[in-house]
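Here is a friendly walk through one protein model, meant for someone meeting it for the first time. Take a moment to turn the structure around before reading on.

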Amino acid sequence: MKPRHLISIDDLKKNEIEVLLENAASYKEISTREVKKVPALRGKTVALCFIEPSTRTRASFEIAAKRLSADTLSFQSKGTSLEKGESIKDMAKTLQAMKIDALVLRHSSCGVHYQLTDYDFSVINAGDGMHEHPTQALLDLFTIKDKIGRLENLKVAIVGDILHSRVARSLIKVLKLFEAEITLVAPPTLLPPFLTGLDLKITNFLEEVVSEVDIVYLLRIQKERAALSYFPSEREYIRFYSFQLSHLKKLKKGSFLMHPGPINRGWELSSEVADSDVSLIEEQVENGVAVRMAVLSYFLAGEGGN
Ligand code: NCD
């Protein structure tokens, strides 16, 4: 059977996302056991290739694969033949010859994963440039369901550098599947053109939305994608779009703050806010392991495909 790939949220049907979230809830329990391991992927090999910096995504994919008893090999471009000019397709051919079952790939170029869909292994996108980050969206959805108790009729504000955010692209798609009302809060220059026709609200005023939404989702300014040149000054950005204690006081009761990490304290949020009890940042990281366990087992051993 041809392997299935997870490159975009569009690769999953709504009912598959629901199954993945249910499975993730059972996988979450495994991480609380003394022996944190199940044999679901025994005998499978998962290659983790991160050609862009990563802490959370990389660690959680590796932990997830290991908790499912898969063998893992982890590498970056440094120290591999990619540094010697080998193409990503030739690298994929090499890995295929070694009979890997999945390649978890982070890459700075949008869509590079689509070049690798004809090999014998599943390609799982761990973030490609400004394009998508599907497992982040799934773990965010899982965290929202866990904390709010539902996925229907949600009101979500997404704040910050939306233009350069693969996290936002995947998150908006997945939230829209569940008919969330989404408000984007960003300088006009950091709003991407793809948004037209998606029925999203847009505002410049963070103060106005914080008292109305269930989730405020903050995004890092993607300095590595030249985002600093999209607004006049750091001071102005922080004045209008940084989530401060004053916003926290206005937050609706039962609402939460989320951020995919890494956070830049003082930029997208103040330190007090990052460490406050409405912040779900650590829960998101914890749930990342369970959701990636669900994804790997679904694509490599389950109903999802292979
Ligand atoms: C995000 C990413 O790399 O896209 N981080 C993550 O995967 N948790 C967001 C970011 O870098 O700002």
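The domain bounds used below come from an automatic or database domain assignment. Keep in mind, too, that this is a predicted model.

**Between the two domains**

Where does the largest pocket lie? Domain 1 (9-132 + 285-301) and domain 2 (134-280) both give residues to its lining, so the largest pocket lies between them. The space in this pocket is about 400 Å³. Its lining has 22 residues, and the closest to the centre are Arg106, Arg166, Arg220, Gly261 and Pro262. Helix 2 (56-67) and helix 5 (166-177) are the elements that give two or more residues to this lining. Sorted by class, the lining of the largest pocket holds five nonpolar, ten polar and seven charged residues.

The model also has an enclosed space. The count comes to one cavity of 30 Å³ or more, and the largest cavity contains about 80 Å³ of space. Among the residues lining the largest cavity are Arg56, Ser60, Gln136, His259, Gly261 and Arg292. Both domain 1 (9-132 + 285-301) and domain 2 (134-280) contribute at least three residues to the lining of the largest cavity. Helix 2, helix 4 (134-148) and helix 10 (281-300) each supply at least two residues of that lining; helix 10 has the largest share, with five residues. By class, the lining of the largest cavity is made of four nonpolar, six polar and two charged residues.

Gly261 appears in both descriptions: Gly261 is listed with the residues closest to the centre of the largest pocket, and Gly261 lines the largest cavity.

**Two open sheets**

Strands of a sheet pair through backbone hydrogen bonds, either parallel or antiparallel. One open sheet here has four strands in the order 2-1-3-4, with parallel pairing. Which strands stand at its edges? They are strand 2 (71-75) and strand 4 (122-128); each has a single partner strand, so one side of each is left without a neighbour in the sheet. On average, neighbouring strands of this sheet are turned by 15° against each other, direction ignored.

Strand 4 is mostly covered, since seven of its seven residues are buried, where buried means under 20% relative accessible area.

Another open sheet is formed by five strands in the order 7-6-5-8-9, and the pairing is parallel. Strand 7 (201-203) and strand 9 (256-258) are at the edges, each with a single partner strand, so one side of each lacks a neighbour in the sheet. From one strand to the next, the twist averages 20°.

The table sets out three of the strand pairs, with one residue pair from each.

| Strand pair | Bridges and direction | Residues that stand opposite or are bridge partners |
|---|---|---|
| Strand 1 (45-51) and strand 2 | Five bridges, parallel | Threonine 45 and aspartate 71 |
| Strand 3 (102-107) and strand 4 | Five bridges, parallel | Valine 104 and isoleucine 124 |
| Strand 8 and strand 9 | Three bridges, parallel | Tyrosine 217 and methionine 258 |

**Backbone features in the loops**

Most residues other than glycine have a negative phi, and most peptide bonds are trans. With that in mind, a few spots deserve a look.

Asparagine 153 has a positive phi of about 50° although it is not a glycine. Asparagine 153 sits in the loop between helix 4 and strand 5 (155-159). Is asparagine 153 buried or exposed? Its relative accessible area is 65%, so asparagine 153 is exposed.

Glutamate 179 is not a glycine either, and its phi is positive at about 55°. This residue belongs to the loop between helix 5 and strand 6 (181-185). With a relative accessible area of 64%, glutamate 179 counts as exposed.

Which peptide bond is cis, with omega near -5°? That bond runs from glycine 261 to proline 262. Proline 262 is found in the loop between strand 9 and helix 9 (271-274), and Pro262 is also among the residues closest to the centre of the largest pocket.

**One more loop residue**

Serine 233 lies in the loop between strand 8 (215-218) and helix 7 (234-241). Because its relative accessibility is 30%, serine 233 counts as partly exposed. Between the C-alpha atoms of serine 233 and valine 291 there is a separation of 38 Å, and these residues are 58 residues apart along the chain.

Methods:
Residues numbered from 1 in each chain as written. Predicted model: local features only at pLDDT ≥ 70, side-chain atom pairs only at ≥ 80, totals over all residues. Heavy atoms only, no water. Pairing = 2+ DSSP bridges. Axes fitted to C-alpha atoms, helices over the stretch in contact; angles between N-to-C directions. 1 Å grid on protein atoms, 1.4 Å probe; cavity = no way out; pocket = protein on both sides within 12 Å on 5 of 7 lines; lining within 4 Å. Points joined across faces, edges and corners; volume = space filled by probe spheres on them. Nonpolar A, V, L, I, M, F, W, Y, C, P; charged D, E, K, R; others polar. Buried < 20%, exposed > 50% of the residue type's maximum accessible area, 1.4 Å probe, protein only.
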